[in-house]
Amino acid sequence: MNKPLRRAAVFCLALIVALMGWTTWLQGAKASDYKEDPHNPRVTIGKYAAPLGNILVDGQPVTGSAATSSSLKYKRTYKDGPLYAPVTGFTSQIFGSNQLENLNGDLLDGSDSRLQSPADALTRQRAKGGDVATTIDSKVQKAGYRALGGKKGAAVAMDPATGRILGMVSTPSYDPGTFAGSAATDQKAWRKMSGDADHPEVNRALRQPLPPGSTFKLVVAAAALENGLYPSVDEPTDSPDPYTLPHTRTKLTNENKAAPCKNADIRTALQYSCNTVFAKMAVDLGKDKVKAQAEKFGFNDGEVDTPVRAGKSVYPGNMDDAQTALSGIGQFDDQATPLQMAMVTSALANGGELKTPQLVDKLTDGGGNTIEENGPKTYGDGKALSARSARQLQSAMQTVVDKGTGSGAKIGGLTVGGKTGTAQHGVDNSGTPYAWFVSNAEDGKGHRVAVAVMVEDGHAARNEVSGNGLAAPIARAMMKAALP
């Protein structure tokens, strides 16, 4: 072979080797990238080529699939969409997905490798979609949704012993089925939801941290007991009334001028929701000790996954003494989601042990066989506070309901504890306050439930906003449904 011909042959061979290498790289290393690229229409076509698996409540599907006349053969449907939207999230042929629909998308559309049989792997056929079984109790969910009614707000109910989320309600809500397809009507429904000033798409139970108001006094009380500032909830505190914020001339007073807040013990201070007691207590403890206790309950943790990630609840660290005092009554820069406050009252009901909140019970394949199951998990290092402190605060919360500001949560036949909160917001507190109520109940047979409710009612008169008046009846309805 002459030299030019040999060079041409080597060059052609190099091109063939390069082409083979490029093809191998595309089909191997880059295959998943192209397969998962949202701009690849085959991804969407494959996802909607068959009915999706379902999200289950009480073992029954609250989702479904309906045949279409487009190239995307099936679209998602929802049963009682507005009721369960905070749980399921949405799946849309145009707008994608969120929450459980997104996190479990591969399982639901059958592309999860755990669903494939050997035959599916060989033929590269997509398996039948699996199901997501939630921890939601339909009775609790419906009770909370009905009780919230037309109000803007959210509520979370948990089983303190396991962390299972029994109810998660957010209002106003939306119907994810109205924009699940690709028709013009679906796009119109999406625009309507997106343009709503009340933001129904926001899961207020998980994703909207707000000032927790006086419900945060439970955290300060826990810090006081755990750090030995006071030996019990019945020990008198060192609390002037009014209380002058440190290094200022500002006098902090109490909502009820006749309340016996001066030097009140923790039980009485919770019963009457004494601002002066807990503001002074936070300063006496110091911001670092309050922060440490708050973090044991889940504050400042940006990775609380249910598995849907919750918004970060915040107890600030960089404060002077006056700001620390205000943070002690759930104001200044304190922020908490309803889920976070449900975690607080859940730990108190569970002897101080906080369980990680869980929304998913198990995942199953298309034949109903379990491929993943979630058991109870302890949050953090195991103890949010000691059993002794938890029992004392639980007793004090029961006094709040029996004799104090939480009377709206009483339920015959159940032992109920609670704490009200009215959180101020807006410039110079010009906005309508947020009404909070956190509670737990037991039936005497070992069954317990913990509930946190937040109502953001911008249409109510300021003097009509109270945790007991607006939020406690919602908590009562959910507790009653959980412990019939």
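**Exercises on a sheet and an aromatic cluster**

In this predicted model, five strands form an open sheet in the order S9-S8-S16-S15-S14, with antiparallel pairing.

**Exercise 1.** Determine which strands stand at the edges of the sheet, and describe what lies across the sheet strands.

*Solution.* Strand S9 (165–171) and strand S14 (415–423) each have a single partner strand, so one side of each is left without a neighbour in the sheet, and these two strands stand at the edges. From one strand to the next, the twist averages 5°. Within the sheet, strand S8 (residues 153–158) runs antiparallel to strand S16 (residues 448–455) and is joined to that strand by six bridges; Gly153, for instance, has Val455 as its bridge partner in S16. Helix H8 (residues 138–148) lies across S8, S9 and S16 and runs at about 25° to S9, while helix H18 (residues 467–482) lies across S8, S9, S14, strand S15 (434–442) and S16, at about 30° to S15.

**Exercise 2.** Classify the ring pair of Phe95 and Trp190, and place both residues along the chain.

*Solution.* The search of the whole structure gives seven aromatic pairs. For Phe95 and Trp190 the ring centres are 4.2 Å apart and the planes stand at 5°, so the pair is stacked, given that planes under 30 degrees apart count as stacked. The pair links distant parts of the chain, since Phe95 is in the loop between strand S5 (91–92) and strand S6 (96–97), whereas Trp190, 95 residues apart from Phe95, is in helix H9 (residues 184–194).

**Exercise 3.** Is Tyr174 buried or exposed?

*Solution.* Tyr174 has 9% relative accessibility and therefore counts as buried.

How values were computed:
Residues are numbered from 1 along each chain as its sequence is written. This is a predicted model: local features need pLDDT of at least 70, side-chain atom pairs count only at pLDDT 80 or more; totals for chains, interfaces and linings use all residues. Side-chain values use heavy atoms; hydrogens and water are left out. Rings of Phe, Tyr and Trp (its six-membered ring) pair if their centres lie within 6.5 Å; planes under 30 degrees apart count as stacked, over 60 as edge-to-face and the rest as tilted. Helices (H or I, at least four residues) and strands (E, at least two) are DSSP runs, numbered from the N terminus. Buried means under 20% relative accessible area, exposed over 50%, partly exposed in between (1.4 Å probe, protein chains only). Two strands pair if DSSP finds at least two bridges between them. Axes are lines fitted to C-alpha atoms, for helices over the stretch in contact, and angles run from 0 to 180 degrees between N-to-C directions. Contact means heavy atoms within 4.5 Å.
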